[in-house]
2 protein chains.
Amino acid sequence: MSGLASMFSPRSIAVIGASRNPRKIGYELVSNILAGGYEGKLYPVNPEGAEVMGLKSYVSVKAIPGEVDLAVIAVPAVHVPEVLEECGQKGVRAALVISSGFREVGNLELEKRIAEIAKKYGIRMLGPNIFGLYYAPSKMNATFGLSRVFPGKIAFITQSGALGIAMMGWTNLYRIGVSAVVSMGNKADVEEADMLDYFSEDQHTKAVLMYIEGAKDGRRLLDSMSRTSLRKPVIVIKSGKTDAGASAASSHTGSLAGSDRVYDAAFKQSGALRASDLAQAFDWAKLMTMQPPPANDDCLIITNGGGVGVMAADACEESGIRIRPLPEDLQAGFKKLMPVFGNSKNPVDLTGQAYEESYAKSVDLALRDQRVGSVIVLYCQTAITDPVSIAKSIAETCESQGCEKTLVTSFVGGAQCNEAMQKLDELGIPSYPIPERAVSAVAAFYRWQRYKAKKGI
Amino acid sequence: MSGLASMFSPRSIAVIGASRNPRKIGYELVSNILAGGYEGKLYPVNPEGAEVMGLKSYVSVKAIPGEVDLAVIAVPAVHVPEVLEECGQKGVRAALVISSGFREVGNLELEKRIAEIAKKYGIRMLGPNIFGLYYAPSKMNATFGLSRVFPGKIAFITQSGALGIAMMGWTNLYRIGVSAVVSMGNKADVEEADMLDYFSEDQHTKAVLMYIEGAKDGRRLLDSMSRTSLRKPVIVIKSGKTDAGASAASSHTGSLAGSDRVYDAAFKQSGALRASDLAQAFDWAKLMTMQPPPANDDCLIITNGGGVGVMAADACEESGIRIRPLPEDLQAGFKKLMPVFGNSKNPVDLTGQAYEESYAKSVDLALRDQRVGSVIVLYCQTAITDPVSIAKSIAETCESQGCEKTLVTSFVGGAQCNEAMQKLDELGIPSYPIPERAVSAVAAFYRWQRYKAKKGI
């Protein structure tokens, strides 16, 4: 196995600095690995060799009888070099250096030293100064973040550890499935580009989401983004955009934020999709991991409320999604599904009297028609229709159709709409509480398609 | 009482077209008025004079023994003229014409006729083609929308009925308090400007939120916005911005959307704060009804995570909020509340080790210092601190301080952060799931302050 393969799919893990004290990171790590359901061998290592959570412990990594693929290191910074040396001697292939106290506090020398040791032994090292690594296919939660993660297809790479932990909570709360959560830390060895290359090949990942404040090797990162973007969407949040932000970023991770315009242009050129904030980034990733890309440039909006239809049409035009009046024959089809005061142009307004059947048949019509490339279905809460049951009817139609184009929904209203949206998300149809968020996700999908088309893919 | 006062605070209401059939709008209206806890007299009117929900009914409004301030009319369009005539003869001061089937379906003649009748008798008429009117101080839910509304200080005026009903649900779900929900409908008599003038004087309303697709009398609307904006924030969502949106708007409410740039400039000139979507509009209104405006131009960011601090600083600078390094003495104060690797500049980074006490003392310091005009408190979920308890400590500090400047929070993370934010909202401190939304609300508050300052207020 390569170093990164050992990092993501280790057959055995040693947690060095494992602790019995629930307030210690070395306790959290063992506890999360166990809670995550990791199926390989797990060896706690601590100086006392004391048992940790029912597991036999070892006084050093060298004392472990079997092979060790991955070392998770959570000892004080000053001890990391000797621990890494031992790992090298043991033949460990990959290490997560959780410990902090390196470059981020000015300790450049120590960081250089551990990088050299890792290099000498061919150990791929993530960190130091990270909260860990989660990888769903290995059921490996080697982090001191949250113990529960909602598995899915988004790989999340973050330069900010705090943000990464918070995002584990976020994705869990909103049931946004992740394949991986990677804390980059100080990047003494493994950089974002390595991770991108890995996820580019990873069949368990359908989209990559990155939070970066600044790049160490910009050229390499952009090359890797360009390559990865041909295979799957790469969504980027780059903060430190403004003077105020850049100055904060410099204090935070010591990153040189660089000119934001340069970054912006570089992202565009490399096909990376830049989101304005975390919520938007996850909105996009959710769609891109749940649905196929648009089949052609024409988007169709179906609604039961004129107002939300207007909002969605505005948002589409502003974000470069084509909304054209439907061909006559298709309009005729929709007219049969609405009262006379409905509107069959585009947005198709089924009116507030649209029940399950109108929605199901309209979605069916839209999915079947090859002139429609993507479909945005809106529902605005009324006093007479049931959003949950309408949601189910949409999902069933999509299911029976074998949906081969992008389908998103937005249910605007109160608690019942919320319930309907949860149902839709569960059934594989991404849903958003306002039309603009659904549109923004579809627009990002189109931008990705255009990048690939420009590259001849 | 004036016509509008009778509309908002009637001593008695007649529901004309009241029904015993739960599928009829005339049933919903009586049911919602009862459920809302309206304390005045309520008279159902229907041709049979049959009892409705235990209330004695009357065959016509003229048959009602007492005075009637407000008539809620839900009879077929063709009968509205005679019903309005009777209302006029009875001395009714205000009418909500729920019925549809007028201008929106091309029936201009009928709409003109009812406007003339209303004028002849001096009846102020809202509608036709509306879902009703909710006004919290009167506990009056004269709508066929949702029966539960969360009372508060935001008046919501909507040109789209469907959207209004959905927003009743939305505000209820997110516990955003509204003082009024007004469905404008065809505006045969009462226009947005009338409503703005009313809410400008209304002591129960602290901010007005409007959804419009196009104005009938643009000049009058802008004049009214200018006046109202001097007293309270007016937040506007104007859709039909783009060609696609404008064409949809024209089909929807027959509005001529007009050039969006003209609207944009006009809103700016009249002090109205234009939001890009409904969620943003409610984000702003929530802050503006819960907190005092900024005390001066300097904003202070307090965080426990560098990443969210950078994001917030970026968003501040992009939206015109001033983030300057803190004065030395204030930095010294913050330094005492953080580990050595914290950052006291601005954003003040208390680090992931910030517990309740650091937050409470930092917020206290920020609220006391007169050089700080507004405070944005961020929390990024960690494995070791408890967001709910930190939220409480922030709210207690604010409470004991008698908070006289803008304070907003953003708790980024999972379920516990959600719980913490609900707690903060309940305790009067607005909270948002991402820093950018908190910043956007503060920025809108600053824009409103600047408008007033320009006008010498």
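1. What rotation, and what shift along its axis, superposes chain A on chain B? In this predicted model, the answer is a rotation of 180° with 0.0 Å of shift, and the superposition has an RMSD of 0.0 Å. That is the relation of a two-fold axis.

2. Turning to where the chains meet, 62 residues of chain A are in contact with 62 residues of chain B. Several helices of chain A give two or more residues each to the side that touches chain B, namely α5 (161-173), α8 (243-253), α10 (278-290), α11 (306-318) and α15 (415-426). The largest share of that side, eleven residues, comes from α11(A).

3. Sorted by class, the side of chain A that touches chain B has 30 nonpolar residues, together with 22 polar and ten charged ones. Because 100% of the interface residues of chain A are also interface residues in chain B, the copies meet through the same surface.

4. Within a single chain, the domain assignment of chain A gives domain 1 (1-131), domain 2 (149-290) and domain 3 (292-454). The C-alpha centres of domain 1 of chain A and domain 3 of chain A lie 49 Å apart.

5. The largest nonpolar core has 324 residues, and those with the most contacts inside it are V72, A95 and V442 of chain A and V72, A95 and V442 of chain B. To take one of these as an example, V442(A) touches L287(A), C299(A), I321(A), S374(A), I376(A), T406(A) and V408(A), where residues up to four places away in sequence are not counted.

Notes
Residues are numbered from 1 along each chain as its sequence is written. Chains are lettered from A and ligands numbered from 1 in the order in which they are written. This is a predicted model: local features need pLDDT of at least 70, side-chain atom pairs count only at pLDDT 80 or more; totals for chains, interfaces and linings use all residues. Copies are superposed by least squares on the C-alpha atoms of residues with pLDDT of at least 70 in both. Two residues are in contact if their C-beta atoms, placed from the backbone, lie within 7 Å. Domain bounds come from an automatic or database domain assignment. A nonpolar core is a set of buried Ala, Val, Leu, Ile, Met, Phe, Trp, Tyr and Cys residues joined through C-beta atoms within 7 Å. A residue is buried if 20 or more other C-beta atoms lie within 10 Å of its own, exposed if 12 or fewer, and partly exposed in between; C-beta atoms are placed from the backbone. Helices (H or I, at least four residues) and strands (E, at least two) are DSSP runs, numbered from the N terminus. Ala, Val, Leu, Ile, Met, Phe, Trp, Tyr, Cys and Pro count as nonpolar, Asp, Glu, Lys and Arg as charged, and the others, Gly among them, as polar.
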